[in-house]
Every structure is written in structure tokens, then in C-alpha cells.
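Trainee: I should like to request a close look at a single part of this model, namely the packing of two helices and the charged pairs associated with such packing. Please take me through it in one connected account.

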Amino acid sequence: MSSPAPLGARLRGRHDRNLWFAVFVGPFVLGLLVFVYVPIVWSVVLSFFDARNTVTPTDFVGLGNYLDMLRDAAFRSSLLTFVVFAVFIVPTTFVVSLGLALMVHRTRFAQTFFRSVFFLPTACSYVVASLVWKLSIFNGVRFGLANTVLGWFGAEPVPWLSVTQPPWYWLVIVTARMWLQAGFYMILFLAGLQRIAPSLYEAAAIDGATGWKVLRYLTLPQLRATSTAVLLLLLINAFQAFDEFYNLLASDGQYPPYARPPLVYLYYAALGQGQDFGHGSAGAVLLTLLIALVALVQGRFLGLGRRED
Amino acid sequence: MAAVTGCGSNTGREGAGGNVSGDKPALSQWYHQYGEAGTQQAVERYAEEYPDATVSVQWSPGDYDKKTAAALLTDGGPDVFEYGNGPSIDMIKGGQVADLSDLLGDARSDFTPSLLERVTYQGKLYAIPQATDMQLLVYRKSLLQQAGVQPPQTVDELLAAAKKLTTDDVKGLFVGNDGGVGILGGPALWSAGADYLTQDGRFGFDTPAVAESLRKLRELFSSKALLLGAPTDWSDPSAFTQGLTAMQFTGLWTLPQIQKAFGDDFGVLPWPKLDASTGAPSVPVGAYSASVSTKSSNVDAAKKFVKWLWVDQTDKQLDWAQSYGFHIPARKSLAEKADKLKSGPAADAVRFVNEHGHAQTPLLWTPKSGTAYSDALNRIVKSGSDPATELKAVKAVVEAELKRIAG
């Protein structure tokens, strides 16, 4: 112990801990740098250049791309599409997943089975689910599942994804996403429910509280932190909606303007045949700022991260 | 990529093949996934037979256009690639594709002029057409006879026929699950005697006749005679061959499958003219065309290969167009030799290309212009927006794009 350890040994740390830390964490840090941080920085750089069909542009345009995107009616309408989508998907998924969690939590029979059944769709890919929705459940011909059911009641077949009046496509899009993600949020709520001390329910029962009152005055307030997190996640996920929109509605080389959320729009602007990386990147930066702003406002409003009293 | 040296002088084809030296350049050639069986094996065979380079074929399912456009930005992209209707104007202006003007030689006059024009910018040629494709209206003769309907010659007749042919189980017409937004944009213009751009390169369809033509598409969409939400889209003949629709706007390539299903019981038509006095019948014509990436490590070898396959090897071009699906060879002399195109509906289709063919979209019609028009069509056809107002908005976008390209 008298003489100082050689440099190599010190770098490796006691029991080679530092070495193993580097071995295990290094590849992921490297991956993160190469596949996440470098592209993000590069994208911000591109957003200040006229970058058509090149990722090494030379033509600096300052804030031009940003102004173009803000002036672009199609970009603004894509944000409106997102708002409509969020208004549909956030409350419905919230209520459905909370309902499922309460049901599964209370059931005494085959609880694990039901939990798995509701959680399983989470493992399905959005692309696959979209194709099932589009090709077998909600296709527009007589033998589609939904139209078969309608047919029993004598109704005409509905071309679900082809019409805008009435906008049935929302039903298809929202149900697909709800089926896919409700199970995940159910698990979050279940975890929250399991954290509530049984003694609280016993005390409430002694005070004579039953059914709805228990939910309203005990369960929901106790789930506040979970609910806040779920709402935030739902909203951010909705912002990132792409797969189901793209796979349900894109057809040969074109995409309808009425159901084009921001990511789909940016995909077409930057990665379509246009290859306009300048405008696409500017749109992506604007979208990121917007999501951050919404998250901050929502956090302030609902008290995310505030210490529970 | 292998070294390049020594190949410059090796222009002759050695016939025997086999014992070529080890310093042949390696080229990668990209195709999108064709639907017809045997096409992949065919292009791999062509590539193998090329004596002057080792050509590896990449066959891409899925979104080929976007994948290729992205790959062209990198060194990992293809040396030779096909692209629908040739490279885009921004690829050309961005210097991503090589000038192929010197490849055609004497054969230039043998290629269909409208196809060459579509891939020429400022006098330079940027792609070699591989085979001609077209879209046309197919109809079931027996169903029309039963309903007492003549093959329609105007849009109004088409509308009336579609309504008459619609029963509980069969719809009158199928133009894609989007109600024709994706494929009828061009025909709707030509039908009204207009075009995307004028001869001198300005916005071409700000006319009342075009507004009327688009209004007809809306009428068709809301007539309940249109098949919507079919499991397969317009480019596949299934909706027609399975009897879901009596008429369908589709591609020439589907004729073998239709023939198999119905024998002689079908006919073909161009998209009809607007009415007796306005416009003309039309068919959209396009071609997958071969281009060379300027990022290729051996542009010269890639150009030589393109010349070999799509200019010199006429028997392979004929095989490519004829042996798997129905395509029209891009060269007039070969189209005359194509036996399958000499009789029946296929012969009618070839006649339509010559009499009523229009390039699908002009070169200067950028993706942004395309999106503006297709958004407008969506709103007109599906939501009933006023065509005149929508056309004004499209015009503004297109004029800005034309200005950007010119600048």
C-alpha cells in the first residue's frame, strides 16, 4: 500500500470496476452519440441551410426555412390534425386504461390472465395492427368485418378510410392506437393502484364510503402522480403519431391532407422524393420546441415532479 | 468497390466470358420489386451475362423511391439504379445523376420521343427508358352488355355507365381506394384539353374546363357507383378479376392476369374526353428508366453497363418487356416485334399510347407541386371544395416552384 498504484491499475479501478463500467456502458454511449446526438445536431445545422438532395449544404439561409414552415399552410394544418387526434386519443385511452386497471385490480379470478390479455397488444407492431385494421376489419367492401356487422342491421357498407364526410377514418385511427397502447397504460395504473395502502380503503369503508365515492375521493387522488405521468406520455406519443396514419392512409405516391399529423408531413417534406432536408429539419426543430413547451406547461399545470404532499 | 484500372480499353465483349481477369470493376444495380414472377431472376441473369464488370443486383421491396433517394446522398448508394419516370429535377440539379447523352448514338431515333423528353434537361439526357408502362380503363364486356351499356366515350357516359352497372354486389367503377386522387390527376386535365404545364413551361390548367372536369370526379365519388376501400388498390387487378367492379382504371401490366380470369370477356379504353366538344381521350405513359449515380466510384463502367443492357442488348429488352408481364418496349423497332402486343386488348393499348399518350408528369413538375395538386384533388373529390378556388392555390405553389427551378 505504500507505493501508489500504476496509472493503468488506477484507471481500471478497484476490482476492475471502471474497466467493466466502460465495457458495458461504452457501446451504448457510442450508439447514442452516433445515432441520436450527432443526427440531432446535424439536423439543427441543416435547418439553417438550403439543403435539397444533399446533407452537406453550402447555401446558408438563416431563419428562412423556419419562416417558410411557419407560413406553410400545410404545416400549420398538420398541427391542427394533431390537436384533433390528441383530443380524441388522450382522454379515451386515459379512461379505457384506467377502467381496465380498476377491473383487473379488483378481479379475484384469473387476474394474471386478464392482465396479460390486455397487455399483449402492446407487443404488436403498429404497422401490423394498421394492416389488420385496414385490410380485414375496416375495409370498405361488403365482406369486411365491420361492414359485415353493419350488414346484419341492414346498413350499407361504409368505405371507412376513403370518405371525409363523415370522417370515419378517425374511428379507424383512434381504435387502432387505443388497442395497441391501452394495455401499457393499464400496467402503469395497476402499479399505482397497488401502491395505495389497503388501510385507507378500510378506513373509508368504516366511514361508510362505497363504490363511486371511494373512486372519486380516495382512488383518483391517490393516483394523481401516475395520472400526470400517463397524460404526459399520452400527449407526447400522440405528437409522435406516424405509423398508423401512414399505413392506414397512404396510397400510391400520395397522402390525403386531412389526416396528416406533423411527423407524416415532415416525412413527406424531408424524406419523400422532395429530399428537402432544410425545411424538414426546421419543421422538426419547431415540433421539438412545441412538444417541450407543451410538456413544460402541462407539468406546471398538473404538478409533474412536484413533491407529493 | 474493386479497383478500376485496366478496364478502360476493355471495350469489346469477349463472348466466351468466364476467363475474365480479376480486376473487373464491381457495380451495384438497384431495382424496385416488380410484381410479375420471374423478373428478379431475369435481371440477375442479365447482370451475370455482362462481361466487363461484376454486377450485383439489389431487389428492393417497399418504398423504393424514398430509399433510393436517400441512398444517393451517401457512398453506399447504387452505381446504376432505375427510377420511375426517370430522376427528379432536384436530383438532376443537385448533380446526383450522370449525363448519359453519349450512350444512345444511332439508337436515339428508335426510342419513344416522349420518354426521352421526360428524362432530358437542358439538352442533356439523364436516364435510359427501360420499358414503357401505361394506365388505362378495363371493362367487362358481358357486364356492359347485360346492363345495355356501350363502352363510354365521354366522362358523362362513363358516369352514367358506372351508375347503371352498380348492383348490390358489384360496383360500376374502381379508380383506386382514394377515389382516383392518386391516378386521375393527369387524365382529368387532358380530358379537359389542358396539361400540367404549357409548352413554354408555365402553369397549364387554370381553365373552366379543368374545373368542370374535377367537378365530375367529385360527382363520380359521391355517386355510390365507385368501389372504395377494396383490399387491393388500383395497380392490382384483383378487384376487377374478383368481380367487385365492372370497370377499373389500372395498368397495362395487369392484362395477363385479367386475360387468365376472363379470357376474351374484357376490353380496354382510354380515360374518356370531357364531353363531345371538349378535350381528348388520354392514357398516362411512364417508364422506369436507368440512371447512373455520380457518387459511383466508377461512373464510366456504370455508364458502359447501362449502354450494354438498355441500348445494345435488344433481345434482353424484348425479353424484359414481354416475358413476365405486359410492358411496351421503349424502342419503336422492338415494340413492332413484340408478338403479344399485336392482337386483342393489348394491341388497342399500344394504339392508345401512340394516339393518346401523355407523360405521367413533366420533368419540371416537382414533388411539391405534385403534393399541392394532390391535396387540392383530395379536397375537391372527397370533401366537395370548389375546384376554381383550389386551382388558384395550386397555381401559386407551382409558379413558386417553377421560379425556384429556373433560378
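Mentor: The account below begins with a pair of helices in chain B and then turns to salt bridges and to one residue of a strand.

The model is predicted. In chain B, the axes of helix H1, residues 39-49, and helix H12, residues 314-322, approach within 10 Å and cross at roughly 170 degrees. Angles over 145 degrees count as roughly antiparallel, and therefore H1(B) is roughly antiparallel to H12(B). On the H1(B) side, the contact is made by Thr39(B), Ala42(B), Val43(B), Arg45(B), Tyr46(B) and Glu49(B). Their partners in H12(B) are Lys316(B), Asp319(B) and Trp320(B). Taken by character, the residues of this contact divide into four nonpolar, one polar and four charged.

Two of the residues in this contact, Glu49(B) and Lys316(B), also form a salt bridge, in which the closest N and O atoms are 2.9 Å apart. Lys316(B) belongs to helix H12 and Glu49(B) to helix H1, so the pair ties together parts that are 267 residues apart in sequence. The two partners can be described by their accessibility. Lys316(B) has a relative accessible area of 7% and is buried, whereas Glu49(B), with a relative accessible area of 43%, is partly exposed.

This salt bridge can be set beside others in the model. A search of the whole structure, over all chains, finds 25 salt bridges. One of the pairs in chain B joins the side chains of Lys395(B) and Asp206(B), with 3.3 Å from N to O. This pair also links distant parts of the chain, 189 residues apart. Lys395(B) is in helix H16, residues 387-406, while Asp206(B) is in the loop between helix H7 (185-190) and helix H8 (208-221). Lys395(B) is partly exposed, its relative accessible area being 26%, and Asp206(B) counts as partly exposed at 40% relative accessibility.

Helix H8 of chain B holds a pair of another kind. Lys216(B) and Glu212(B) both lie in this helix, four residues apart, which is about one turn of the helix. Their side chains meet in a salt bridge with 3.8 Å from N to O. Lys216(B) is buried, with a relative accessible area of 13%, and Glu212(B) is partly exposed, with a relative accessible area of 30%. The pair does not stand alone: Glu212(B) and Lys216(B) are linked with Asp156(B), Arg215(B) and Glu219(B) in a network of salt bridges.

A nonpolar residue completes the account. Leu136(B) is placed in strand E6 of chain B, residues 128-140, and is buried, with a relative accessible area of 0%. Leaving aside residues up to four places away in sequence, Leu136(B) touches Gln248(B), Phe249(B), Thr250(B), Gly251(B), Leu252(B), Val268(B), Leu269(B), Val283(B), Ala349(B) and Phe352(B). By contrast, Phe203(B) is 67 residues from Leu136(B) along the chain, and their C-alpha atoms are separated by 25 Å.

To return to the starting point, H1(B) and H12(B) are roughly antiparallel, and Lys316(B) and Glu49(B) form a salt bridge between them.

Notes
Residues numbered from 1 in each chain as written. Chains lettered and ligands numbered in written order. Predicted model: local features only at pLDDT ≥ 70, side-chain atom pairs only at ≥ 80, totals over all residues. Heavy atoms only, no water. Axes fitted to C-alpha atoms, helices over the stretch in contact; angles between N-to-C directions. Parallel < 35°, antiparallel > 145°, perpendicular 65-115°, else oblique. Contact = heavy atoms within 4.5 Å. Nonpolar A, V, L, I, M, F, W, Y, C, P; charged D, E, K, R; others polar. Salt bridge = Lys/Arg side-chain N within 4 Å of Asp/Glu carboxyl O. Buried < 20%, exposed > 50% of the residue type's maximum accessible area, 1.4 Å probe, protein only.
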